[in-house]
Amino acid sequence: MTASADGPASRLLPDPRVLTWDQSAGRACIWCKKALTTGTVSVGFIRDRLGAHNLDTEVWAGPCCLGEET
Ligand SMILES: [Zn+2]
């Protein structure tokens, strides 16, 4: 498993193969799958490679998982 913990929330990112389409597209929280609206923060890239193809995916999280819920 390749994961980057760089970002405001130093949590492990999930394996790229388990992401939903919405998560890969930056439309859903990378950890809880909630639809992202406001307060969205890039939490890094999931590094992946399939043969010659670079499949790095930028992933996003919302206030739901950043400890900033009010
Ligand atoms: Zn979340």
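**Core and fold of a predicted model**

Of the 70 residues in the protein, 19% are buried (20 or more other C-beta atoms within 10 Å of the residue's own, against 12 or fewer for exposed residues and partly exposed in between, with C-beta atoms placed from the backbone). The model is predicted, and local features require pLDDT of at least 70, side-chain atom pairs count only at pLDDT 80 or more, and totals for chains, interfaces and linings use all residues. Residues are numbered from 1 along each chain as its sequence is written.

The protein contains 1 helix and 4 strands, arranged from the N terminus as α-β-β-β-β. These elements are DSSP runs numbered from the N terminus, with helices (H or I) of at least four residues and strands (E) of at least two. Contacts are defined by C-beta atoms, placed from the backbone, within 7 Å; among those between residues at least 6 apart in sequence, 51% join residues at least 24 apart.

The largest nonpolar core (buried Ala, Val, Leu, Ile, Met, Phe, Trp, Tyr and Cys residues joined through C-beta atoms within 7 Å) comprises 9 residues: Leu 13, Ala 28, Cys 29, Ile 30, Leu 36, Val 43, Ile 46, Val 59 and Ala 61. At least two residues of this core come from each of strands E1 (41-46) and E4 (57-61). Excluding residues up to four places away in sequence, Val 59 touches Leu 13, Gln 23, Ile 30, Val 43, Gly 44 and Ile 46.

Cys 64 is located in the segment after E4. With 16 other C-beta atoms within 10 Å, Cys 64 is partly exposed. Its C-alpha atom is separated by 8.0 Å from that of Lys 34, 30 residues apart along the chain.

Terms used:
Contact = placed C-beta atoms within 7 Å.
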